[in-house]
Amino acid sequence: MPGQDFYWDPVVRVGYYQDHEIAIEGEHSLRIHSDNRLRVITVTGSTALPAGHRWRVTGWVRAKGTMNPQVYYSLRSYDDDSRGSGVLVPTGATREGWEQRAASFIAPSRMVLTLNLINRQGTGDCWFDGFELEDLGEVGRLLTENGVGLSLIHISE
């Protein structure tokens, strides 16, 4: 049965836990465990973002066994239901078996950011920790005439 810091599915043999023994920052990390090499498991979290800002999200990933951890983000607008998505890519920074991943994006309208912590396949354990969302500042707006009507172009300051 799912709990606040524990979930295990005995049928497909995958789960996630708060791991209080392995962490790169703070007192715990999120550990995904799989005994089923073909099963995909995803843990998500969401937050609201204001309009007109640049953002950077960073976090740390670690894996053992044949696990294939990945981190994706998705954006969905409150106002017009527009969407975007991307992947957090390695920054080159490593520390004690952990690999840092990051992505930057612009939220042109009020958005919901969802982080998806995923293991695509394999058996063993993978960990996710130290995720931070950094506001890189406001984005300027410039109205232009493109022949069809006015459009917005976002300019980083």
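Q: Which residue does Pro 69 stand opposite in β10?
A: Pro 69 faces Asn 119 there. Keep in mind that this is a predicted model.

Q: And which strands does that pair belong to, and how many bridges join them?
A: Strand β6 covers residues 69–77 and strand β10 covers residues 111–119. Nine bridges join the two, and they run antiparallel.

Q: Let's stay with Asn 119 for a bit. Is Asn 119 buried or exposed?
A: Buried: its relative accessible area is 0%. Asn 119 sits in strand β10.

Q: What does the side chain of Asn 119 reach?
A: Two backbone atoms can be named. One is the backbone nitrogen of Asn 68, at 2.7 Å. Another is the backbone oxygen of Gln 121, at 3.2 Å.

Q: Which residues is Asn 119 in contact with, leaving aside neighbours within four places in sequence?
A: Ile 32, Arg 39, Val 40, Ile 41, Met 67, Asn 68, Pro 69 and Cys 126. So you'll find Pro 69 on that list as well as opposite Asn 119 in the strand pairing.

Q: Zooming out, which sheet are β6 and β10 part of?
A: An open sheet of four strands, in the order β4-β10-β6-β7, with antiparallel pairing. The edges are β4 (41–49) and β7 (83–87), and each of those pairs on one side only.

Q: How many degrees are neighbouring strands turned against each other?
A: On average 20°, with direction ignored.

Q: What about the rest of the chain, how many helices and strands are there?
A: Zero helices and twelve strands. Reading from the N terminus, every element is a β: β-β-β-β-β-β-β-β-β-β-β-β.

Q: How much of the chain counts as buried?
A: 38% of the 157 residues. The accessible surface comes to about 9,100 Å², and 49% of that belongs to carbon and sulfur atoms.

Q: What share of the contacts comes from residues 24 or more positions apart?
A: 71%, taking the contacts in the chain with a separation of 6 or more.

Q: Okay, new topic: β9. Why is β9 described as largely enclosed by the rest of the structure?
A: Because seven of the ten residues of β9, which spans residues 98–107, are buried.

Q: Which strands are joined to β9 by bridges?
A: Strand β5 (residues 53–65) is joined to β9 by nine bridges, running antiparallel. Strand β8 (residues 89–95) is also antiparallel to β9, with four bridges.

Q: Which residues are bridge partners there?
A: For β5, take His 53, whose partner in β9 is Ala 107. On the β8 side, Pro 90 stands opposite Arg 101.

Q: What does Glu 96 do in the hairpin of β8 and β9?
A: Glu 96 takes a positive phi near 50°. That hairpin has two residues between the strands.

Q: Back to Arg 101. Which side chain does Arg 101 meet in a salt bridge?
A: Glu 99, at 2.9 Å from N to O. Arg 101 counts as buried at 12% relative accessibility, whereas Glu 99 is partly exposed at 26%.

Q: How many salt bridges does the structure hold?
A: Six. One of them is between Asp 125 and Arg 31, with the closest N and O atoms 3.2 Å apart.

Q: Where do Asp 125 and Arg 31 lie?
A: Asp 125 lies in strand β11 (residues 124–145) and Arg 31 in strand β3 (residues 29–34), so the salt bridge ties together parts that are 94 residues apart in sequence.

Q: Are those two buried or partly exposed?
A: One of each. Asp 125 counts as buried at 18% relative accessibility, while Arg 31 is partly exposed at 24%. The cut-off matters here, because buried means under 20%.

Q: Which residues are linked with Arg 31 in a network of salt bridges?
A: Asp 19 and Asp 125.

Q: And which residue forms a salt bridge with Asp 79?
A: Arg 110, with the closest N and O atoms 2.6 Å apart. Asp 79 lies in the loop between β6 and β7, and Arg 110 in the loop between β9 and β10, so the pair ties together parts that are 31 residues apart in sequence.

Q: Are Asp 79 and Arg 110 buried or partly exposed?
A: Asp 79 is partly exposed, with a relative accessible area of 49%. Arg 110 is partly exposed too, at 42%.

Methods: Residues are numbered from 1 along each chain as its sequence is written. This is a predicted model: local features need pLDDT of at least 70, side-chain atom pairs count only at pLDDT 80 or more; totals for chains, interfaces and linings use all residues. Side-chain values use heavy atoms; hydrogens and water are left out. Two strands pair if DSSP finds at least two bridges between them. Axes are lines fitted to C-alpha atoms, for helices over the stretch in contact, and angles run from 0 to 180 degrees between N-to-C directions. Buried means under 20% relative accessible area, exposed over 50%, partly exposed in between (1.4 Å probe, protein chains only). Contact means heavy atoms within 4.5 Å. Accessible areas come from the Shrake-Rupley method with a 1.4 Å probe; for residues, only the protein chains shown count as cover. A salt bridge is a side-chain nitrogen of Lys or Arg within 4 Å of a carboxyl oxygen of Asp or Glu. A polar contact is a pair of N or O atoms within 3.5 Å; within protein, one must be able to donate a hydrogen and the other to accept it, and residues adjacent in sequence count only if both atoms are side-chain atoms.
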